[in-house]
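Student: I have a structure open and would like to work through it with you, one question at a time. Could you start wherever you think best?

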Amino acid sequence: MITMDDIIREGHPTLRAVAKEVPIPPVAEDVELGKEMLQFLKNSQDPEKAEELHLRGGVGLAAPQLDISKRIIAVHVPSIDPEKPESGISTVMYNPKILSHSVQEACLGEGEGCLSVDREVPGYVVRAARITVSYFDAEGEKHKIRLKNYNAIVVQHEIDHINGIMFYDHIDEKNPLKLKDGVLVID
Ligand SMILES: OCN(O)CCCc1ccccc1
Ligand code: NI
C-alpha cells in the first residue's frame, strides 16, 4: 500500500527526469502500480484512512513521485455535483498525451500544491483551461477525452510530473499573483 513514505520530495532527481513510456498493453507490474496509485488517492481523501495512514489529501499522483520514472499517472477528482457524476474523473492513464489545448488559460484561485513539495509556494499556476488527452488504460485500450476546468488543471499537473516539471516552474517569480487578462480563475 502506498503511503507518504513512498513519495519522493523536491530535490530528488527523478522529479526532474523525463519519464519513459510504458509498453502497451501495460504489463502486470504496471497495472498493479496503477491500482495502488489510485487507491492511495482514494485513501488520502477518506478522513479516517488519511488520519490513520497520515496521508496528505491528493487528487492526482504521478509514478515519478514514487521514484518510478514511467509515464503513468492516476487522478481521482470526485464530482462536486452529485447530479453530474461525469463531472469528476477517476482513472489511471498510461502514456498520457495532450493532443490539443485551448488558447484560453485558467488557474486555481488558491494556487497549487504538490505531495512532493513540503512547503507553500504562493502564486497562480496558469495552464490551459481545456485539453484533449489521449491515454491507454490498464487493458491497453486507447482513450481520447476532453477535459476542462479543475479536471484539466489536475491532469496537466500530473503530465508535468512525467516531463520533470514542477507546478512552481509556471509561477511568475517577479509577480506571482500577476494575472493576464482573460485567464479564468477557478475556485
Ligand atoms: O502530483 C500530484 N500531487 O502532487 C498532488 C496535488 C495535485 C494537484 C494539486 C493542485 C492542482 C493540481 C493538482
Ligand atoms: Ni504534484
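Student: Is cysteine 114 buried or exposed?

Tutor: Keep in mind that this is a predicted model. Buried means under 20% relative accessible area. Cysteine 114 has 4% relative accessibility, so the word for this residue is buried.

Student: And histidine 157, is that buried or exposed?

Tutor: We can use the cut-off of under 20% again. Histidine 157 has a relative accessible area of 9%, so this residue too falls on that side. The answer is buried.

Student: Which residues coordinate the nickel ion (ligand 2)?

Tutor: Happily, the two residues we just discussed are among them: Cys114 gives its SG atom and His157 its NE2 atom. A further NE2 atom comes from another histidine, and the distances run from 2.1 to 2.4 Å. The residues are Cys114, His157 and His161.

Student: How many residues apart in sequence are the parts that cysteine 114 and histidine 157 tie together?

Tutor: Cysteine 114 sits in the loop between strand S4 (105-108) and strand S5 (127-128), whereas histidine 157 belongs to helix H3 (residues 149-162). The donor spacing is C-x42-H-x3-H. The pair therefore ties together parts whose separation in sequence is 43 residues.

Student: What is the geometry of the site of the nickel ion (ligand 2)?

Tutor: The site has six donor atoms, with angles of 27 to 148° among them. Six donors count as octahedral if opposite donors are over 155 degrees apart and all others between 65 and 115, so these angles do not fit. The site is irregular.

Student: Which side chain has a polar atom 3.1 Å from an oxygen atom of ligand 1?

Tutor: The residues around ligand 1 include Gln65, Cys114, His157, Glu158 and His161. Glutamine 65 places a polar side-chain atom 2.9 Å from a ligand 1 oxygen, and an N or O atom in the side chain of histidine 161 is likewise 2.9 Å from an oxygen of ligand 1. The 3.1 Å distance belongs to histidine 157.

Student: Val59 is around ligand 1 as well; how accessible is valine 59, buried, partly exposed or exposed?

Tutor: Valine 59 is found in the loop between H2 and S1. Its contacts beyond four places in sequence include Leu41, His76, Tyr150 and Val154. With a relative accessible area of 24%, valine 59 is partly exposed.

Student: Where does histidine 76 lie, and is it buried or exposed?

Tutor: Histidine 76 is part of strand S2. Setting aside neighbours within four places, histidine 76 is in contact with residues including Leu38, Leu41, Val59 and Ile89. Its relative accessible area is 17%, so histidine 76 in S2 is buried.

Student: What covers the buried residues of H1?

Tutor: Helix H1 (residues 28-44) has 17 residues and spans 24 Å from first C-alpha to last, close to the 24 Å expected. Its buried residues include Val31, Leu38 and Leu41. The cover includes helix H2 (47-53), strand S1 (60-62), strand S2 (72-77) and strand S3 (89-101).

Student: One last stop: which residue has its backbone oxygen 2.7 Å from a polar atom of the side chain of serine 102?

Tutor: Serine 102 is in the loop between S3 and S4, and at 12% relative accessibility this serine counts as buried. Beyond four places in sequence, serine 102 touches Ala128, Ala129 and Arg130. The backbone oxygen at 2.7 Å is that of glutamine 104.

Notes. Residues numbered from 1 in each chain as written. Chains lettered and ligands numbered in written order. Predicted model: local features only at pLDDT ≥ 70, side-chain atom pairs only at ≥ 80, totals over all residues. Heavy atoms only, no water. Donors = N, O, S within 2.8 Å, 3.2 Å for Na, K, Ca; no water. Tetrahedral: all angles 85-135°; square planar, octahedral: opposite > 155°, others 65-115°. Helix = DSSP H or I, 4+ residues; strand = E, 2+ residues; numbered from the N terminus. Buried < 20%, exposed > 50% of the residue type's maximum accessible area, 1.4 Å probe, protein only. Expected span 1.5 Å × (residues − 1). Contact = heavy atoms within 4.5 Å. Near = heavy atom within 4 Å. Polar contact = N/O pair within 3.5 Å; in protein donor to acceptor, adjacent residues only side chain to side chain.
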